[in-house]
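Got the viewer open and the cartoon switched on? Let's hop from one selection to the next and look at what sits there.

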Amino acid sequence: MPEVDTEKFRLRHFVEKLVQRGECIVHDRPIDLIDIAAVLDGNPNAVWFRAVGPERTELVGNVMGSRRRLAAALETEEAQFPAVLRTRLEHPIAPIEVPSTQAPVHEIVLTHEDADLTALPVHLQHGLDGAPYVSASIDYARDPNTQFTNIGCRRLMLRGRRAAGIDLNAPSDLRALYRGAVAKGERLPIAFAVGSHPADFLAAVATTPAMEELEVIGAVRGVSLPVVKAVTVNINVPADAELVLEGYIDERGLVEPEGPYGEYIGYYGLLKSNPVFHLTAITMRRDVLFETVRVGGARLGFPDTAQRGAAKAEAAIWTVLQQAVRDPVAVCRTASSGGMYNVRVSLRQRVPGEARNAIAAVFGSAGDVKHVFVVDDDIDIFSDEQIDWALATRFQADRDIVVASGFRCVPLDPSLQGSRTGAKAGFDCTKPFGKGDSVEFMVPKPPQLPQREHASLEAALSVGPASFLDLMAALGTRDGRELVREFDRLYAEGRLSRLNDGRYTLNGGG
């Protein structure tokens with residue numbers, strides 16, 4: 001078989017690139033597990049810990065904590081990232097299976113009593129968390145009906161050496177697969193890759209039709225994913241991952257307490273009942289780099305989950321907008337709203353009502369959208385300052401707000417206070433249709449003299465109405481006070497007046 005590259009998309013190599021770019025801090029000093037979270041919380045950089053715990057293992061966190069780093073994962077610039085991701089998702093690429101001997105993730109294989117979750121550098125992330133969590137895992141499970149591999153992102157709360165709670169409360173494909181297994185009284189085989197390239201995470205959260213989702217990872221990477229058959233379960237997993245946890249979710253259903261946990265919304269998720277994952281094997285590279293992702297915390301713009309969630313949703317919303325309006329320009333889901341609740345859309349309005357169409361389309365695009373802000377294409381939707389300006393100067397609450405209730409929602413939102421449905425609000429922060437070029441909506445800019453001159457003020461005004469700046473050019477002056485002196489004479493002669501837009505005109509000449 002042809003040689004397969006199992007190093008290009010290795011997490012360790014991507015982290016090394018981040019160090020070179022000044023995006024990752026290397027922490028060489030020994031550090032206890034309890035101190036990891038404080039270093040990562042609110043930190044805009046990725047952090048590579050080189051000596052964690054008594055074992056002095058390696059751990060990296062905050063890898064996906066900025067849009068710039070996600071763009072780097074796709075080898076593009078931040079401004080081009082959304083378009084590049086959307087384009088790649090349109091072209092699935094089949095995986096390539098390699099034998100175990102060629103899979104770096106099988107360099108070390110631990111089974112039975114040797115497989116121990118507590119031997120891994122899994123740390124307590126938030127003060128009230130129920131236990132340490134494996135937070136940087138991508139799950140792989142096989143659909144028994146289609147034989148497709150389903151992938152997603154799930155966390156695991158340690159409850160023993162070979163058992164962990166898994167959050168399956170929210171609707172998902174994996175939840176549907178698990179419910180099908182429980183209905184038959186069967187276990188659900190599953191594997192979790194821990195320590196994956198950011199491209200794999202973007203694929204895992206992408207919204208796609210029913211398909212072999214290993215091909216989605218290939219799509220986002222731009223090349224085939226090398227896979228290897230897991231040791232104890234019949235599932236293909238990434239051959240180039242840092243580490244894989246193999247096992248099954250038992251058939252008892254949602255019966256075990258899981259949580260609390262510091263969530264992406266900036267608060268704690270409460271104790272819930274969830275199923276239990278049982279470990280049957282750990283496979284990993286010899287020089288494994290364990291990964292953690294930050295979910296909740298003090299600075300909500302930096303968590304990995306918010307950034308990758310925003311990227312996923314923006315791609316899905318863009319598809320919806322293309323059907324709803326003629327000329328969408330950009331979409332942004334703010335990381336500070338958990339990467340989901342607040343959506344900003346910029347567009348070029350071709351006909352009246354398109355801002356409302358955009359609001360309605362985004363309302364229905366996802367259950368977790370709460371607030372939609374629509375602006376004109378002159379607004380940078382990634383700038384809080386410009387969005388605030390548009391809201392302040394182009395929005396009237398009694399005219400430009402759209403409020404509706406009774407929508408499907410995400411139960412984790414504490415403002416729901418137990419309600420099973422939620423409300424949504426749309427803010428039309430666009431200029432009134434047809435008034436985009438009017439003076440009242442023109443942005444003042446420093447004057448630049450036009451490249452034209454006339455012999456006199458009268459000569460300039462005889463051509464037609466002119467602004468003060470145009471008249472400065474007419475006299476070839478860079479001062480302007482000469483004009484005011486000329487105004488005295490023309491006003492006294494009754495020959496000068498003003499138009500409604502502020503331009504000067506000779507009486508009878510404009």
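Start by selecting Gln147: in the hairpin of β6 and β7, with six residues between the strands, this residue has a positive phi near 70°. Strands here are DSSP E runs of at least two residues, helices are H or I runs of at least four, and both are numbered from the N terminus. Keep in mind that this is a predicted model, where local features need pLDDT of at least 70, side-chain atom pairs count only at pLDDT 80 or more, and totals for chains, interfaces and linings use all residues. Residues are numbered from 1 along each chain as its sequence is written, and side-chain values use heavy atoms, with hydrogens and water left out.

Now colour β6 (residues 133-142) and β7: they run antiparallel, joined by eight bridges. Two strands count as paired if DSSP finds at least two bridges between them. Which residue of β7 stands opposite Val134? That's Leu156.

Stay on Leu156, because β7 has another partner to show: Ile166 in β8 stands opposite Leu156. Strand β8 (residues 163-166) pairs with β7 in the antiparallel sense over four bridges, and the two form a hairpin with two residues between them. Select β7 (residues 149-160) as a whole: ten of its twelve residues are buried, so the strand is largely enclosed by the rest of the structure. Buried means under 20% relative accessible area, exposed means over 50%, and partly exposed is in between (1.4 Å probe, protein chains only).

Next stop: α14, residues 481-492. This helix has twelve residues and reaches 17 Å from first C-alpha to last, close to the 16 Å expected at 1.5 Å a residue; the expected span is 1.5 Å times one less than the number of residues. Show Leu483, Phe487 and Leu490 as sticks, the buried residues of α14. Look down the axis of α14 and its buried residues fall within an arc of 75°, so they line one face of the helix. The arc is taken from the directions from the helix axis to the C-beta atoms. What covers them? Among the covering elements are α12 (457-463), α13 (468-475), β24 (496-498) and β25 (504-506). Flip to the face turned away from the buried side of α14 to find the exposed Arg481, Arg485, Asp488 and Ala492. After α14 comes Gly494, with a positive phi near 70°.

Last selection: Met64, in the loop between β3 (57-61) and α3 (67-73). Is Met64 buried or exposed? Its relative accessibility is 1%, so Met64 counts as buried. Leaving aside residues up to four places away in sequence, Met64 touches Leu70, Pro198, Phe201, Glu291, Val293, Asp304, Gln307 and Arg308, where contact means heavy atoms within 4.5 Å.
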